[in-house]
Amino acid sequence: MTTMTSHPAEDALLREIEGRRDELVALTQALIRFPTVNPPGDAYRPCAEHLGERLRKRGFAVEYVRAEGAPGDSDERPRINVIARYEGARPGPCVHFNSHIDVVEAGEGWTVPPFEGVVKDGKVYGRGACDMKGGLAASVIAVEALIDSGIQLPGALEISGTADEESGGYGGVAYLAERGYFSRPRVDHVIIPEPLNVDRVCIGHRGVWWSEITTEGRIAHGSMPFLGDSAVRHMGAVLEELERRIFPTLGGQPTRMPVVPEGARTPTLNINSIHGGQADASGEGLPSPVVPDSCRIVLDRRLLIEEDLDEVKAQMRGVLDGLVQTRPNFRYKLRDLFEVRPTMTDPDRAVVRMTCEAVEQVLGRPAQICCSPGTYDQKHIDRIGRLRDCIAYGPGSLDLAHTPDEWVGIDDMVASARVMALAAYALLTGRA
Ligand SMILES: [Zn+2]
């Protein structure tokens, strides 16, 4: 601890968490050992039950909710979510810590086994170590220490382990939000321990619009292309227009979203893929000699809070309609694939202020308020749960998420557990 507080109860709480360092590491390792890889969504049940059983023994009311009918849900791979609630000594607000239990596939390039939770040089390694089983473990230790501190707490504390964040959260937080788990009066403040770094409080994320543009042509023999009409050449014209009329408009608009890294403080556009013509049998042989009659690109447009999604879509349609006017035989289809509106919690909300204060108290330096370039489950808590008091705060670095040799620092986990405990204590007792 770098800063002593003047509140004896808080000092005792911080010491209590330091004393649970080994337990925090062990819990992180245990969680990493469940290979909850998504897709397809493996091992959700044993992971959720590990968490649920631990908390049940400590006096939590534990519920398991299967997201029946959600994408990917099946008897073989049920989308199991766990929600645990601890009632305080008297009525009061509820602070909820939500973590996703799923991880992305391990992929190549590991120098340690990805699902063993190897501990080395003050770090826990493994798929999901930082994104976000380390954060989940830190929230569990924080809440348990708070309960065991003997402080008479008002209100309630909740911890959830939810499915499918990596594939959009429909079998996880979205499903639960539709059933009232992330709304008042049940819940007042939500902290999501995503790996934004131990000194950063993340108040929201940019929006997303994924779309597909298809150009159409007319098939003909490749030796006589003049008899056909090339969809790939039409797509070439689309790409030129994106360079000329869309990309130059993305920079330079000021935003009040403190997105990190700073490069993401503008709207961005990525062309995720392009495909035209006959399928190329991946290196074996060549595509057939025909004029391609269709070509498809998938676009990933990220939006700032100041932007209107309908206007963004209209801009794209305007560019394509312009080509219809100027380019002979140009035809296109524009299809929405996926969209999420930007979300940002007001920095004056208690959950933001109390967590920032706790960061300063634990680390001895001010917290940085930020927004995430990509989305996470806050979108569902905002849109479906209609709860505006939500942040992401947790240990680990987003740069390590989804990479080989992913790790989380043990000191950072301990520090973030202390921050979470202090923030929850302040929010419950209204010390604000
Ligand atoms: Zn995550």
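These legends walk through close-up views of a predicted model of one protein chain.

**View 1. The whole chain, before we zoom in.**
Start with the overall picture: the protein chain has 10 helices and 16 strands. Its C-alpha atoms fill a box of roughly 85 × 45 × 40 Å, taken along the principal axes. How does the radius of gyration fit the chain length of 432 residues? A compact globule with that many residues would come out near 22 Å, and this chain has 24 Å, which agrees. Of the 432 residues, 47% count as buried. Take the contacts between residues at least 6 apart in sequence: 80% of them join residues at least 24 apart.

**View 2. Where the two domains meet.**
The domain assignment gives domain 1 (8-205 + 343-429) and domain 2 (207-340). Notice that domain 1 is written as two stretches of sequence, with domain 2 numbered between them. The C-alpha centres of the two domains lie 37 Å apart. At the meeting point, seven residues of domain 1 are in contact with nine residues of domain 2. On the domain 1 side, strand 14 (residues 368-372) gives the most, with three residues.

**View 3. The largest nonpolar core.**
Here we look at a core of 108 residues, the largest nonpolar one. Which residues have the most contacts inside it? They are Ala-142, Ala-421 and Ala-424. Helix 10 gives the most to this core, with 15 residues. Domain 1 and domain 2 both give residues to it, so the core lies between them. Apart from it lies another core, of five residues, among them Ala-231, Met-235, Val-238 and Cys-295.

**View 4. Ala-142 and its neighbours.**
Now put Ala-142 in the middle of the frame. Leaving out residues up to four places away in sequence, Ala-142 touches Ile-17, Ala-417, Met-420, Ala-421 and Ala-424. Two of those names may ring a bell: Ala-421 and Ala-424 are listed with Ala-142 as having the most contacts inside the largest core.

**View 5. Helix 10, mostly under cover.**
Is helix 10 mostly covered or mostly open? It is mostly covered, as 18 of its 20 residues are buried. You can check its length too: at 1.5 Å a residue, helix 10 should span 28 Å, and its end C-alpha atoms are 29 Å apart, which agrees. Just after the helix comes Gly-430, whose phi is positive, near 65°.

**View 6. Helix 2 and its buried side.**
Try the length check again on helix 2 (residues 21-32): its 12 residues should span 16 Å at 1.5 Å each, and the end C-alpha atoms are 17 Å apart, which agrees. Which residues of helix 2 are buried? Look for Leu-24, Val-25, Leu-27, Thr-28, Leu-31 and Ile-32. They sit on the same side of helix 2, because they cover an arc of only 165° around the axis. The buried residues pack against several elements, including helix 3 (44-57), helix 4 (129-148), strand 16 (407-409) and helix 10 (410-429).

**View 7. Glu-178 and a partner from far along the chain.**
Glu-178 lies in helix 5 (residues 173-178). Why is Glu-178 called partly exposed? Because 15 other C-beta atoms lie within 10 Å, and partly exposed covers counts between 12 or fewer (exposed) and 20 or more (buried). His-380 is 202 residues away along the chain, but the C-alpha atoms of Glu-178 and His-380 are separated by 8.8 Å.

How values were computed:
Residues numbered from 1 in each chain as written. Predicted model: local features only at pLDDT ≥ 70, side-chain atom pairs only at ≥ 80, totals over all residues. Helix = DSSP H or I, 4+ residues; strand = E, 2+ residues; numbered from the N terminus. Expected span 1.5 Å × (residues − 1). Arc of directions from axis to C-beta. Contact = placed C-beta atoms within 7 Å. Core = buried A, V, L, I, M, F, W, Y, C linked by C-beta atoms within 7 Å. Domains from an automatic or database assignment. Rg over C-alpha atoms; globule rule 2.2 N^0.38 Å.
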